[in-house]
Amino acid sequence: MLDAPVLVLVDLETSGAPQGATPTAPALELLAAARSLTSGEVVALVLQPVDTETASTLAAAGGSRLLVADLGEQAVVSAAVADAVVAACGRVGPGAVLVASDFRGKELAGRVAILLESACVSDVSRLEVVDGDLRASKLVLSGSWATTMSVAPHREGTPVIAVRPGSVEVQAPAGAEPLGVEPLEVALSPEATATRLVSREEASAAAGPALGEARTVVVGGRGVDGDFDLVRSLAEPLGAAVGATRVACDEGWIDRSAQIGQTGETIAPRLYIGLGVSGAIHHTSGIQGAGAVVAVCDDSEAPIFEMADFGVVGDVTEVVPQLVEELDRLRG
Ligand SMILES: Cc1cc2nc3c(=O)[nH]c(=O)nc-3n(C[C@H](O)[C@H](O)[C@H](O)COP(=O)(O)OP(=O)(O)OC[C@H]3O[C@@H](n4cnc5c(N)ncnc54)[C@H](O)[C@@H]3O)c2cc1C
(Lines give C-alpha, C1' and ligand atoms only; values in the text may rest on other atoms or scores of the structure.)
Protein backbone atom coordinates (compact mmCIF):
# COMPACT_ATOMS: atom_id res chain seq x y z
CA MET A 1 0.00 0.00 0.00
CA LEU A 2 1.01 3.62 -0.48
CA ASP A 3 1.18 5.69 2.67
CA ALA A 4 0.81 9.00 0.83
CA PRO A 5 -2.68 10.43 0.29
CA VAL A 6 -4.48 9.76 -2.98
CA LEU A 7 -6.41 12.64 -4.54
CA VAL A 8 -9.64 11.82 -6.41
CA LEU A 9 -11.44 14.24 -8.70
CA VAL A 10 -15.11 13.60 -7.91
CA ASP A 11 -17.61 14.44 -10.65
CA LEU A 12 -21.16 15.14 -9.53
CA GLU A 13 -24.27 14.10 -11.44
CA THR A 14 -25.48 17.63 -12.06
CA SER A 15 -22.40 19.79 -12.52
CA GLY A 16 -23.28 23.43 -12.15
CA ALA A 17 -26.45 22.65 -10.16
CA PRO A 18 -26.82 23.93 -6.62
CA GLN A 19 -25.85 21.85 -3.59
CA GLY A 20 -27.38 18.36 -3.43
CA ALA A 21 -25.77 16.81 -6.50
CA THR A 22 -24.67 13.20 -6.03
CA PRO A 23 -21.32 11.68 -7.05
CA THR A 24 -21.35 9.87 -10.40
CA ALA A 25 -20.87 6.08 -10.48
CA PRO A 26 -17.30 6.45 -11.89
CA ALA A 27 -16.46 8.89 -9.07
CA LEU A 28 -17.55 6.31 -6.47
CA GLU A 29 -15.39 3.74 -8.27
CA LEU A 30 -12.38 6.07 -8.10
CA LEU A 31 -12.86 6.53 -4.36
CA ALA A 32 -13.04 2.74 -3.88
CA ALA A 33 -9.89 2.30 -5.99
CA ALA A 34 -8.07 5.00 -4.01
CA ARG A 35 -9.09 3.40 -0.72
CA SER A 36 -7.60 0.08 -1.85
CA LEU A 37 -4.28 1.74 -2.80
CA THR A 38 -3.37 3.75 0.28
CA SER A 39 -3.30 3.47 4.02
CA GLY A 40 -3.23 7.28 4.06
CA GLU A 41 -5.95 9.78 3.29
CA VAL A 42 -8.29 9.54 0.33
CA VAL A 43 -8.95 13.16 -0.56
CA ALA A 44 -12.07 13.94 -2.60
CA LEU A 45 -11.96 17.13 -4.69
CA VAL A 46 -15.31 18.51 -5.87
CA LEU A 47 -15.84 21.59 -8.00
CA GLN A 48 -19.03 22.96 -6.49
CA PRO A 49 -20.53 23.26 -2.99
CA VAL A 50 -22.04 20.04 -1.60
CA ASP A 51 -24.63 19.32 1.08
CA THR A 52 -24.14 17.05 4.12
CA GLU A 53 -25.78 14.08 2.35
CA THR A 54 -23.18 14.23 -0.44
CA ALA A 55 -20.41 14.72 2.14
CA SER A 56 -21.50 11.53 3.92
CA THR A 57 -21.82 9.60 0.62
CA LEU A 58 -18.21 10.55 -0.12
CA ALA A 59 -17.13 9.34 3.34
CA ALA A 60 -19.04 6.06 2.91
CA ALA A 61 -17.42 5.54 -0.49
CA GLY A 62 -13.93 5.72 1.01
CA GLY A 63 -13.14 9.44 1.23
CA SER A 64 -11.42 10.80 4.32
CA ARG A 65 -11.05 14.50 3.37
CA LEU A 66 -13.17 16.76 1.22
CA LEU A 67 -11.83 19.78 -0.67
CA VAL A 68 -14.34 22.07 -2.35
CA ALA A 69 -13.09 24.33 -5.12
CA ASP A 70 -16.15 26.30 -6.17
CA LEU A 71 -15.33 27.00 -9.82
CA GLY A 72 -18.88 27.99 -10.79
CA GLU A 73 -19.37 27.83 -14.55
CA GLN A 74 -15.60 27.48 -15.09
CA ALA A 75 -16.03 23.89 -13.82
CA VAL A 76 -16.72 22.92 -17.45
CA VAL A 77 -13.39 24.37 -18.62
CA SER A 78 -10.64 21.72 -18.52
CA ALA A 79 -7.87 24.26 -17.93
CA ALA A 80 -9.73 25.58 -14.87
CA VAL A 81 -10.29 22.08 -13.52
CA ALA A 82 -6.59 21.34 -14.05
CA ASP A 83 -5.77 24.47 -12.01
CA ALA A 84 -8.03 23.17 -9.22
CA VAL A 85 -6.38 19.74 -9.23
CA VAL A 86 -2.91 21.32 -9.10
CA ALA A 87 -4.01 23.57 -6.21
CA ALA A 88 -5.34 20.49 -4.39
CA CYS A 89 -2.02 18.70 -4.98
CA GLY A 90 -0.26 21.68 -3.42
CA ARG A 91 -2.54 21.36 -0.37
CA VAL A 92 -2.37 17.58 0.22
CA GLY A 93 0.83 16.32 -1.50
CA PRO A 94 -0.77 13.17 -2.94
CA GLY A 95 1.09 10.06 -4.09
CA ALA A 96 -1.28 9.82 -7.06
CA VAL A 97 -4.24 11.63 -8.63
CA LEU A 98 -7.18 9.61 -9.97
CA VAL A 99 -9.66 10.93 -12.57
CA ALA A 100 -12.30 9.16 -14.68
CA SER A 101 -11.04 8.08 -18.11
CA ASP A 102 -13.75 9.79 -20.16
CA PHE A 103 -13.14 12.44 -22.84
CA ARG A 104 -12.66 15.23 -20.30
CA GLY A 105 -10.72 13.06 -17.83
CA LYS A 106 -8.16 12.06 -20.43
CA GLU A 107 -7.58 15.67 -21.46
CA LEU A 108 -7.38 16.66 -17.82
CA ALA A 109 -4.86 13.92 -16.98
CA GLY A 110 -2.55 15.28 -19.68
CA ARG A 111 -2.95 18.90 -18.60
CA VAL A 112 -2.36 18.15 -14.92
CA ALA A 113 0.65 15.93 -15.65
CA ILE A 114 2.24 18.76 -17.66
CA LEU A 115 1.57 21.29 -14.89
CA LEU A 116 2.99 18.91 -12.26
CA GLU A 117 5.89 17.92 -14.53
CA SER A 118 4.97 14.29 -13.92
CA ALA A 119 3.32 11.59 -16.07
CA CYS A 120 -0.17 10.38 -16.88
CA VAL A 121 -1.71 7.08 -17.92
CA SER A 122 -5.22 6.87 -19.43
CA ASP A 123 -7.74 4.06 -20.03
CA VAL A 124 -6.45 2.19 -16.98
CA SER A 125 -8.51 -0.85 -16.04
CA ARG A 126 -6.53 -2.12 -13.03
CA LEU A 127 -4.43 -0.49 -10.30
CA GLU A 128 -2.28 -2.10 -7.64
CA VAL A 129 0.68 -1.26 -5.45
CA VAL A 130 3.75 -3.51 -5.71
CA ASP A 131 6.85 -2.77 -3.61
CA GLY A 132 5.70 0.80 -3.07
CA ASP A 133 5.24 1.44 -6.81
CA LEU A 134 1.87 2.01 -8.36
CA ARG A 135 1.11 -0.34 -11.25
CA ALA A 136 -1.45 0.68 -13.85
CA SER A 137 -2.73 -1.87 -16.38
CA LYS A 138 -4.58 -1.20 -19.63
CA LEU A 139 -5.50 -2.95 -22.86
CA VAL A 140 -3.73 -1.74 -26.03
CA LEU A 141 -3.58 -2.58 -29.76
CA SER A 142 -7.34 -2.98 -30.13
CA GLY A 143 -7.52 -4.97 -26.91
CA SER A 144 -5.16 -7.71 -28.09
CA TRP A 145 -2.48 -6.93 -25.44
CA ALA A 146 -2.62 -6.07 -21.78
CA THR A 147 0.19 -3.82 -20.57
CA THR A 148 1.22 -2.88 -17.07
CA MET A 149 3.14 0.30 -16.30
CA SER A 150 4.95 1.00 -13.08
CA VAL A 151 4.83 4.55 -11.80
CA ALA A 152 6.90 5.46 -8.77
CA PRO A 153 5.23 8.36 -6.95
CA HIS A 154 8.27 9.02 -4.72
CA ARG A 155 10.75 9.22 -7.62
CA GLU A 156 8.88 10.65 -10.59
CA GLY A 157 6.44 13.19 -9.19
CA THR A 158 2.70 12.68 -8.75
CA PRO A 159 1.29 10.39 -11.45
CA VAL A 160 -2.14 11.24 -12.85
CA ILE A 161 -4.15 8.12 -13.62
CA ALA A 162 -7.34 8.11 -15.70
CA VAL A 163 -9.34 5.00 -14.76
CA ARG A 164 -11.93 3.52 -17.11
CA PRO A 165 -15.47 3.71 -15.74
CA GLY A 166 -16.76 0.22 -14.89
CA SER A 167 -13.32 -1.19 -14.01
CA VAL A 168 -13.70 -1.11 -10.24
CA GLU A 169 -16.16 -3.14 -8.17
CA VAL A 170 -18.00 -0.91 -5.68
CA GLN A 171 -19.76 -2.17 -2.55
CA ALA A 172 -23.04 -0.47 -1.70
CA PRO A 173 -21.90 2.37 0.59
CA ALA A 174 -23.04 2.14 4.23
CA GLY A 175 -23.98 5.29 6.16
CA ALA A 176 -21.08 7.41 7.39
CA GLU A 177 -20.45 10.69 9.18
CA PRO A 178 -20.21 13.49 6.62
CA LEU A 179 -16.73 14.74 5.78
CA GLY A 180 -15.91 18.27 6.88
CA VAL A 181 -15.70 20.70 3.98
CA GLU A 182 -12.31 22.37 3.34
CA PRO A 183 -12.69 25.26 0.88
CA LEU A 184 -9.92 25.43 -1.72
CA GLU A 185 -8.97 28.73 -3.34
CA VAL A 186 -7.92 28.32 -6.98
CA ALA A 187 -5.91 30.95 -8.85
CA LEU A 188 -7.05 30.48 -12.43
CA SER A 189 -4.37 30.46 -15.12
CA PRO A 190 -4.62 32.60 -18.28
CA GLU A 191 -5.52 29.38 -20.19
CA ALA A 192 -8.53 28.91 -17.90
CA THR A 193 -9.77 32.49 -18.00
CA ALA A 194 -9.35 32.68 -21.78
CA THR A 195 -12.24 30.22 -22.16
CA ARG A 196 -15.74 30.87 -20.91
CA LEU A 197 -19.03 28.98 -21.14
CA VAL A 198 -21.34 30.60 -23.67
CA SER A 199 -24.23 28.12 -23.74
CA ARG A 200 -25.03 24.62 -22.73
CA GLU A 201 -27.73 22.17 -23.84
CA GLU A 202 -28.29 18.48 -23.33
CA ALA A 203 -27.63 16.42 -26.48
CA SER A 204 -30.63 14.49 -27.77
CA ALA A 205 -28.66 11.23 -27.52
CA ALA A 206 -28.25 11.80 -23.79
CA ALA A 207 -31.54 10.11 -22.78
CA GLY A 208 -30.81 7.21 -20.42
CA PRO A 209 -27.49 6.58 -18.69
CA ALA A 210 -24.26 7.97 -20.16
CA LEU A 211 -22.60 5.50 -22.53
CA GLY A 212 -19.23 5.44 -20.78
CA GLU A 213 -20.77 4.86 -17.35
CA ALA A 214 -23.64 2.47 -18.11
CA ARG A 215 -23.70 -1.01 -16.57
CA THR A 216 -25.61 -2.28 -19.60
CA VAL A 217 -25.25 -1.07 -23.19
CA VAL A 218 -27.45 -2.12 -26.11
CA VAL A 219 -25.80 -1.46 -29.47
CA GLY A 220 -27.43 -1.20 -32.86
CA GLY A 221 -25.48 -2.08 -36.00
CA ARG A 222 -26.25 -2.13 -39.71
CA GLY A 223 -28.54 -5.11 -39.08
CA VAL A 224 -31.17 -2.96 -37.32
CA ASP A 225 -31.59 -1.14 -40.64
CA GLY A 226 -32.17 2.27 -39.09
CA ASP A 227 -34.72 1.10 -36.51
CA PHE A 228 -33.23 2.50 -33.31
CA ASP A 229 -36.69 2.42 -31.70
CA LEU A 230 -36.17 -1.34 -31.71
CA VAL A 231 -32.82 -0.88 -29.93
CA ARG A 232 -34.38 1.51 -27.39
CA SER A 233 -37.28 -0.90 -26.80
CA LEU A 234 -34.75 -3.31 -25.28
CA ALA A 235 -32.49 -0.67 -23.69
CA GLU A 236 -35.27 1.06 -21.76
CA PRO A 237 -36.53 -1.89 -19.65
CA LEU A 238 -32.89 -2.81 -18.90
CA GLY A 239 -31.98 0.76 -17.87
CA ALA A 240 -29.26 0.52 -20.53
CA ALA A 241 -27.45 3.12 -22.62
CA VAL A 242 -27.86 2.98 -26.40
CA GLY A 243 -24.71 2.66 -28.50
CA ALA A 244 -24.01 2.14 -32.19
CA THR A 245 -21.47 0.93 -34.70
CA ARG A 246 -19.80 3.40 -37.02
CA VAL A 247 -21.97 2.24 -39.91
CA ALA A 248 -25.12 3.14 -37.97
CA CYS A 249 -23.69 6.60 -37.21
CA ASP A 250 -22.49 7.09 -40.80
CA GLU A 251 -26.02 6.31 -41.97
CA GLY A 252 -27.31 9.09 -39.72
CA TRP A 253 -29.52 6.70 -37.74
CA ILE A 254 -28.14 8.00 -34.44
CA ASP A 255 -25.86 10.76 -33.19
CA ARG A 256 -22.08 10.27 -33.63
CA SER A 257 -21.64 10.46 -29.85
CA ALA A 258 -23.17 6.95 -29.66
CA GLN A 259 -20.35 5.36 -31.68
CA ILE A 260 -18.37 2.66 -29.93
CA GLY A 261 -15.00 1.40 -31.10
CA GLN A 262 -11.56 2.44 -32.22
CA THR A 263 -12.70 5.86 -33.39
CA GLY A 264 -15.57 6.14 -30.92
CA GLU A 265 -16.10 5.52 -27.21
CA THR A 266 -14.39 2.76 -25.26
CA ILE A 267 -16.86 1.15 -22.88
CA ALA A 268 -16.65 -1.42 -20.08
CA PRO A 269 -20.25 -2.30 -19.17
CA ARG A 270 -21.16 -5.39 -17.16
CA LEU A 271 -23.40 -6.42 -20.08
CA TYR A 272 -23.06 -5.59 -23.79
CA ILE A 273 -25.87 -6.56 -26.18
CA GLY A 274 -25.12 -6.22 -29.89
CA LEU A 275 -28.08 -6.17 -32.30
CA GLY A 276 -27.22 -6.68 -35.96
CA VAL A 277 -23.54 -6.06 -35.24
CA SER A 278 -20.97 -8.17 -37.16
CA GLY A 279 -18.15 -7.65 -34.63
CA ALA A 280 -15.48 -5.97 -36.76
CA ILE A 281 -12.22 -5.43 -34.84
CA HIS A 282 -12.61 -1.64 -35.11
CA HIS A 283 -15.86 -1.99 -33.14
CA THR A 284 -14.91 -4.75 -30.69
CA SER A 285 -11.69 -2.95 -29.69
CA GLY A 286 -14.01 -0.57 -27.86
CA ILE A 287 -15.71 -3.29 -25.81
CA GLN A 288 -12.76 -5.35 -24.58
CA GLY A 289 -13.53 -4.39 -21.00
CA ALA A 290 -17.16 -5.61 -21.22
CA GLY A 291 -18.30 -8.31 -18.80
CA ALA A 292 -20.82 -10.52 -20.60
CA VAL A 293 -21.29 -10.11 -24.36
CA VAL A 294 -24.61 -11.05 -25.95
CA ALA A 295 -25.09 -10.95 -29.73
CA VAL A 296 -28.14 -11.20 -31.96
CA CYS A 297 -27.11 -11.47 -35.59
CA ASP A 298 -28.45 -13.39 -38.58
CA ASP A 299 -25.00 -14.48 -39.80
CA SER A 300 -23.72 -17.47 -37.81
CA GLU A 301 -20.21 -16.82 -39.21
CA ALA A 302 -20.08 -13.22 -37.91
CA PRO A 303 -16.95 -12.57 -35.77
CA ILE A 304 -19.06 -11.19 -32.92
CA PHE A 305 -19.94 -14.81 -32.04
CA GLU A 306 -16.25 -15.53 -31.36
CA MET A 307 -16.36 -13.22 -28.36
CA ALA A 308 -20.02 -13.62 -27.39
CA ASP A 309 -20.87 -15.40 -24.15
CA PHE A 310 -24.40 -15.84 -25.42
CA GLY A 311 -25.39 -15.64 -29.07
CA VAL A 312 -28.64 -15.83 -30.99
CA VAL A 313 -28.47 -16.48 -34.73
CA GLY A 314 -31.63 -14.78 -35.89
CA ASP A 315 -33.38 -11.73 -37.25
CA VAL A 316 -33.38 -8.79 -34.79
CA THR A 317 -36.93 -7.86 -35.81
CA GLU A 318 -38.09 -11.26 -34.53
CA VAL A 319 -35.72 -11.84 -31.60
CA VAL A 320 -35.83 -8.40 -29.92
CA PRO A 321 -39.64 -8.20 -29.51
CA GLN A 322 -39.56 -11.69 -27.98
CA LEU A 323 -36.79 -10.59 -25.58
CA VAL A 324 -38.76 -7.50 -24.57
CA GLU A 325 -41.91 -9.58 -24.06
CA GLU A 326 -40.02 -12.06 -21.89
CA LEU A 327 -38.53 -9.22 -19.82
CA ASP A 328 -42.05 -7.82 -19.30
CA ARG A 329 -43.31 -11.26 -18.25
CA LEU A 330 -40.43 -11.80 -15.78
CA ARG A 331 -41.12 -8.43 -14.18
CA GLY A 332 -44.79 -9.29 -13.81
C1 LIG B 1 -9.94 3.19 -39.41
C2 LIG B 1 -11.30 2.63 -39.11
C3 LIG B 1 -11.88 2.94 -37.91
C4 LIG B 1 -13.14 2.41 -37.59
N5 LIG B 1 -13.69 2.71 -36.37
C6 LIG B 1 -14.87 2.13 -36.05
C7 LIG B 1 -15.45 2.35 -34.77
O8 LIG B 1 -14.95 3.11 -33.95
N9 LIG B 1 -16.61 1.72 -34.49
C10 LIG B 1 -17.23 0.87 -35.37
O11 LIG B 1 -18.29 0.32 -35.02
N12 LIG B 1 -16.71 0.67 -36.58
C13 LIG B 1 -15.57 1.28 -36.95
N14 LIG B 1 -15.06 1.07 -38.19
C15 LIG B 1 -15.88 0.31 -39.16
C16 LIG B 1 -15.77 -1.19 -38.94
O17 LIG B 1 -14.65 -1.68 -39.62
C18 LIG B 1 -17.03 -1.92 -39.45
O19 LIG B 1 -17.27 -1.55 -40.78
C20 LIG B 1 -18.28 -1.62 -38.62
O21 LIG B 1 -18.03 -1.80 -37.26
C22 LIG B 1 -19.40 -2.59 -39.04
O23 LIG B 1 -20.58 -2.18 -38.44
P24 LIG B 1 -21.80 -3.18 -38.34
O25 LIG B 1 -21.41 -4.36 -37.52
O26 LIG B 1 -22.97 -2.37 -37.92
O27 LIG B 1 -22.07 -3.56 -39.86
P28 LIG B 1 -21.78 -4.90 -40.66
O29 LIG B 1 -20.35 -5.31 -40.56
O30 LIG B 1 -22.35 -4.70 -42.02
O31 LIG B 1 -22.63 -6.00 -39.88
C32 LIG B 1 -24.01 -6.01 -39.81
C33 LIG B 1 -24.41 -7.40 -39.36
O34 LIG B 1 -25.80 -7.44 -39.15
C35 LIG B 1 -26.29 -8.66 -39.72
N36 LIG B 1 -27.72 -8.43 -40.05
C37 LIG B 1 -28.26 -7.83 -41.14
N38 LIG B 1 -29.61 -7.79 -41.03
C39 LIG B 1 -29.91 -8.38 -39.85
C40 LIG B 1 -31.12 -8.65 -39.17
N41 LIG B 1 -32.32 -8.26 -39.67
N42 LIG B 1 -31.08 -9.28 -37.98
C43 LIG B 1 -29.89 -9.66 -37.43
N44 LIG B 1 -28.70 -9.44 -38.05
C45 LIG B 1 -28.72 -8.79 -39.23
C46 LIG B 1 -25.42 -8.92 -40.92
O47 LIG B 1 -25.45 -10.29 -41.28
C48 LIG B 1 -24.06 -8.49 -40.39
O49 LIG B 1 -23.41 -9.57 -39.74
C50 LIG B 1 -13.82 1.58 -38.52
C51 LIG B 1 -13.21 1.29 -39.74
C52 LIG B 1 -11.97 1.81 -40.04
C53 LIG B 1 -11.34 1.47 -41.35
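Which residues lie nearest the centre of the second largest pocket? In this predicted model, they are Arg222, Thr245, Val247, Val277 and Ser278. I shall use that pocket as the starting point this morning, then turn to the ligand, and finish with the cavity.

The second largest pocket has a volume of about 490 Å³, and 26 residues line it. Sorted by class, that lining consists of 14 polar, 7 nonpolar and 5 charged residues. Four elements supply at least two residues each: the helices α8 (246-250), α9 (281-284) and α11 (316-330), and the strand β14 (292-297). The greatest contribution comes from α8, with 3 residues. Val247, one of the residues nearest the centre of the pocket, falls within the range of α8, 246-250.

What occupies this pocket? The space taken by the ligand is the second largest pocket. Among the elements, α8 and α9 are those that give two or more residues to the shell around the ligand.

Let me now describe that shell. It comprises 24 residues, and the closest to the ligand are Arg222, Thr245, Thr263, Ser278 and Asp298. Please note Arg222, Thr245 and Ser278, which are listed among the closest residues to the ligand and also among those nearest the centre of the pocket. By class, the shell holds 13 polar, 6 nonpolar and 5 charged residues.

Three polar contacts with the ligand deserve a place on the slide. In the case of Thr245, a polar side-chain atom lies 2.7 Å from an oxygen atom of the ligand. For Gly276, the partner is a backbone N or O atom, 3.1 Å from an oxygen atom of the ligand. Val316 likewise uses a backbone N or O atom, but here the ligand atom is a nitrogen, at 2.9 Å. As for burial, the ligand taken alone exposes 990 Å², and the protein buries 75% of that.

I turn finally to enclosed space. How many cavities of 30 Å³ or more does the structure hold? There is 1. The largest cavity contains about 40 Å³ of space. Its lining is formed by Glu29, Pro165, Gly166, Gly212, Glu213, Ala214, Arg215, Ala268, Pro269 and Arg270. These divide into 4 nonpolar, 4 charged and 2 polar residues. The stretch from Gly212 to Arg215 is thus represented by Gly212, Glu213, Ala214 and Arg215, and Ala268, Pro269 and Arg270 also take part.

To close, I return to the site itself: the ligand takes up the second largest pocket, with Thr245, Gly276 and Val316 supplying the contacts I described.

Conventions: Residues are numbered from 1 along each chain as its sequence is written. This is a predicted model: local features need pLDDT of at least 70, side-chain atom pairs count only at pLDDT 80 or more; totals for chains, interfaces and linings use all residues. Side-chain values use heavy atoms; hydrogens and water are left out. On a 1 Å grid over the protein atoms alone, a cavity is a set of points where a 1.4 Å probe fits but cannot get out, and a pocket is an open set with protein on both sides within 12 Å along at least five of seven lines; lining residues have an atom within 4 Å of a point. Grid points are joined across faces, edges and corners, and a volume is the space filled by probe spheres set on the points. Ala, Val, Leu, Ile, Met, Phe, Trp, Tyr, Cys and Pro count as nonpolar, Asp, Glu, Lys and Arg as charged, and the others, Gly among them, as polar. A residue is near a molecule or strand if one of its heavy atoms lies within 4 Å of it. A polar contact is a pair of N or O atoms within 3.5 Å; within protein, one must be able to donate a hydrogen and the other to accept it, and residues adjacent in sequence count only if both atoms are side-chain atoms. Accessible areas come from the Shrake-Rupley method with a 1.4 Å probe; for residues, only the protein chains shown count as cover. A molecule sits in a cavity or pocket if more than half of its atoms lie within 2 Å of its grid points.
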